[in-house]
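Trainee: I should like to go through the reasoning behind several descriptions of this structure. May we take them one at a time?

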Amino acid sequence: MRFRINPLTIKKFRRFQSIRRGYVSLFVMVLMIVLSLGAELLVNSRALVVRYNGDVYWPTYGHPVPGTTFGLDYQHETNYRQLARQFEAEGGENWVLMPPVPYNPYENDFRENTLPPSPPSFRDRHFCGTDASGRDVLARLVYGFRLAIFFSLALMGATFATGISIGSAMGYFGGAFDLTFQRLIEIWSSVPNLYVIIIIASVVIPNFWILLFILWAFGWMGMTWTMRTITYKERARDYVLAARALGASHVRIIFRHILPNTVSVIVSYVPFQVAGGIVALAALDFLGFGLPPPEPSWGELLQQGWANLSAWWLSGSVVSAMVLTLVLVTFIGEAVREALDPKMHTTYE
Amino acid sequence: MTAYFIRRTLLIIPTFIGITLLVFSITRFVPGGPIERMIAEAQRMQVEGGGGAGAGAGVQRQPLSDEQIEFLKQYYGFDKPLLNSYLAWLGKVIQGDLGISTRYQDPVWEMIRSRIPISLYFGLIAMALTYGVCIPLGIVKAIRHKTAFDNVSSIIVFIGYAIPGWVIGIYLLVWLAGWWDVFPLGDLVSENFDELPLLQKLLDLAWHSVLPVIAYMIGAFAAMTFLMKNTLMDNLAADYVRTAIAKGLPFRRAVFGHALRNSLIPIATSFGNNISVILTGSFLIEKVFNIDGMGLLGYESVLERDYPVVLGVLVISSLLFLIGNILSDLCVAVVDPRVQFD
C-alpha cells in the first residue's frame, strides 16, 4: 500500500482529540451538518408517512403528491397538516405522521385574528415563532444553516485552491512574478470589497453561484498571502536545495516537498475561513444584497429582527444559532491550531 | 532604514492609483449611474405631477431630451473616454477638490469632513477601552494560565471573537433598547439635544454611545487579549526571564520589568492600522445604530450611485489605510531597535 498515514499526523490527531473542547465541538458540528442534510425529514410541510386506505405513502422526497390521491378535492399538493387533522377527526385506520416541525421554510402560515410575526408557540409547532411574513423561523434557520455552511465550504475550497496555487508560486519563484502579485494583492485588498459587491449585486440579481464568485473574487488574497509567506520560508530550507540538486522539477518540489510541509498551516485556517464565509453571507443578506428573497438566510432574519424590535424571537433565535455555529467553529479552530502547533509554556509557581 | 520608508511612501502612489482606477472603472461600466437615476426621478415626478389618466402614458415618454442628457453627461464627465475622465478626476483630487455630490449637490469634502468627528469619536473611545482592558486582562490571563479565571474569560472572549460586532449590536439593540428600554434605539443624540444643558448633553451622548462602543470593541477585543497573553507567555518562558528569576528577582519585577516590555512590541505593531478603522468606522455597525458617520456615508453613496462621494470616501479611506500600514512598520522600528528593514 502506497498511502500510509504519517505517524506524525496520527500524533497530531491524538493531540487534537485530547483537547476536549475542540473535539466535542467538531463532533457536534459534523452532527449538525449531517442532520441538516436530512433536514427534509425533520423540518418539512410534507408528511413523513401517510397511511391511507391500507396503502403507505412516503411523500418526503420525489414529486408532490396531489390531494386527489387521498380523496381530497384538489389537484395541487396535499396539505398534510390539514390531512392529519381530517384523519384524526374521522378516526378511522388512516393516519399521517408529520416531521417534528411541520412547516417548510417558504410557506406563509397566516392565522386568523393575528398578524405575523407571531411569538413561539408549542401548540402551533412554531417553536421559534414566525417571521414578518408568517414563515416558520426554525425552518428558515435550519435550511439557512444548510445553505450557509455549504456556501462557506464551497467558498473556502475556491479561495484555498487559488490561494495555494498562486501563493506558493509567488513564494517559490519570487522575482517579478512575486512583485507583480504583491502589488495586485495590495490594491485588490485595499478596495472596499463590500462596496464593489453591493454595486455588482445591484446590477445582476445574485444567486448562489454568482455570490460565491463575487466573494471569491474579493476574498482570495488572504490565503494567497499566507501561502506566499510560508512557501517563502520553506524554500530557503535545505531539503528544497537537496531536492533541487537531485534534479527534481519545480512542480515536483512544490507539490511533493513544500506543500506537505505547509498542510498543517493550511488546515489550521479552515475553521476560520468557514466562519468568515458564514459571516460574509449573513452581512450581505442583512443588507439585502445576498441571496434573492425567498431563500432562507440568517442575514435576512437578522434584518427582520432589526426592523421588528418587538419580535424578540426573531433576533433571539437567529443570533443564538449564529453564536452556536460560530463558537463551535472557533473552538474547533483553536483546538486545531493548538494540536498542530503546540506551545509548551514554562509556568512559574 | 530611511531609504526603506521613503520607498514605502513612494509605493503609496501606484497603489493609490490602482485602487481608485479600479473603483472608478467599476462605477463607469455598471449601469444605473447618476444620469439613469435622474431620468428615473424625472419620470416619477412627471407621473406624480401629471396624475390621473395621463400617468400611464407618462411612464413611457422619455422625460429628458437628448440635449439635456448630453449636457448631464458632459457635466459629470461621462462623455469622455475612461482614462481621460479618470485623469481629470485625479488632477482635481490632487488639488484637493473631491467634486460635488450628484445627489445632494454639496461639496464631497464638506460631507466627509462633517462625518469624520463622529467616526473619530467612536473609534477613539473603542480603541482606548480596548487597549485599556485587553492589556491588563492579557497579563492576568498569562500569569494565571490554565486557572479557572483563565478558562472562563477565554470562553467569553472567544464568543466575542466568533460573533461579528454588528450582530452583537443587533442583539443588544433588540434586548436592551427594544425590550427593556434601558438604552436608546440608535442615533447619536436625542432629538432635543440642542435644548439640553451641557452636562445633560454629555450624559445623553454617553447614553447613546454605550451600545455602539460595545459593538465596536468586541471584534478587536479577543485578538488583542490573546496577542497580549500569548506573547507575554512566550517571553515568560524565555531564558532571560528564567535567569532573572533564578538570580532572585521577585516574580512581579521579572514580569513588569523584563517580560512585559518585550511583550508590548506586537501590540505596538498593530497600532498604526487603527488609524483607518478609527476614522472610517464600520458601516455595518453605523447602519445598525443609525449613526451618521463615514461608514454610513460611504454605504449610502454606493446605494444612491453618488459616485463622487463613493470615490471621495475611497480616497480618504485608502490613503489612511496605506499610511496606517507604514505607520505600523514605523512603530515596530521605534519600539524594537533590533528590527532591520531592507
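Trainee: This is a predicted model. In what sense do E1(A) and strand E2 of chain A pair, and over how many bridges?

Mentor: E1(A) and strand E2 (residues 55–57) pair in the antiparallel sense, over 3 bridges. In this pairing, A:Val50 stands opposite A:Tyr57 of E2(A).

Trainee: What makes E1(A) and strand E3 of chain A a pair?

Mentor: Pairing requires at least two bridges between the strands. Strand E1 (residues 49–52) and strand E3 (residues 95–97) of chain A are joined by 3 bridges, and they run antiparallel. One facing couple there is A:Arg51 with A:Trp95 in E3(A).

Trainee: What do E1(A) and E2(A) form, and how many residues lie between them?

Mentor: E1(A) and E2(A) form a hairpin with 2 residues between them. In the turn, A:Asn53 has a positive phi of about 50 degrees.

Trainee: Why are H5(A) and H8(A) called oblique to each other?

Mentor: The axes of helix H5 (residues 137–173) and helix H8 (residues 208–217) of chain A come within 10 Å and cross at roughly 45 degrees. Angles under 35 degrees count as roughly parallel, and roughly perpendicular begins at 65. The angle fits neither class, and H5(A) and H8(A) are therefore oblique to each other. The crossing is right-handed.

Trainee: Which residues make that contact, and how does it divide by class?

Mentor: H5(A) contributes A:Phe151, A:Ala154, A:Leu155, A:Ala158 and A:Thr159, while H8(A) contributes A:Phe208, A:Leu212, A:Leu215 and A:Trp216. By class, the contact has 8 nonpolar, 1 polar and no charged residues.

Trainee: Why does B:Asn290 count as partly exposed?

Mentor: B:Asn290 has 13 C-beta neighbours inside 10 Å. A residue is buried at 20 or more and exposed at 12 or fewer, so B:Asn290 counts as partly exposed.

Trainee: Where is B:Asn290 placed, and what is its phi?

Mentor: B:Asn290 lies in the loop between H13 and H14 of chain B. Its phi is near 55 degrees, a positive value in a residue other than glycine. Most residues other than glycine have a negative phi.

Trainee: How many residues does each chain give to the contact between chain A and chain B, and which helix gives the most to the side of chain B?

Mentor: The contact takes 38 residues from chain B and 33 residues from chain A. Helices giving two or more residues to the chain B side include H7 (148–162) and H9 (198–236). H1(B) gives the most, with 7 residues. That side divides into 30 nonpolar, 8 polar and no charged residues.

Notes: Residues are numbered from 1 along each chain as its sequence is written. Chains are lettered from A and ligands numbered from 1 in the order in which they are written. This is a predicted model: local features need pLDDT of at least 70, side-chain atom pairs count only at pLDDT 80 or more; totals for chains, interfaces and linings use all residues. Two residues are in contact if their C-beta atoms, placed from the backbone, lie within 7 Å. Helices (H or I, at least four residues) and strands (E, at least two) are DSSP runs, numbered from the N terminus. Ala, Val, Leu, Ile, Met, Phe, Trp, Tyr, Cys and Pro count as nonpolar, Asp, Glu, Lys and Arg as charged, and the others, Gly among them, as polar. Axes are lines fitted to C-alpha atoms, for helices over the stretch in contact, and angles run from 0 to 180 degrees between N-to-C directions. Angles under 35 degrees count as roughly parallel, over 145 as roughly antiparallel, 65 to 115 as roughly perpendicular and the rest as oblique. A crossing is left-handed if the near helix is turned anticlockwise from the far one by less than a right angle, and right-handed if clockwise.
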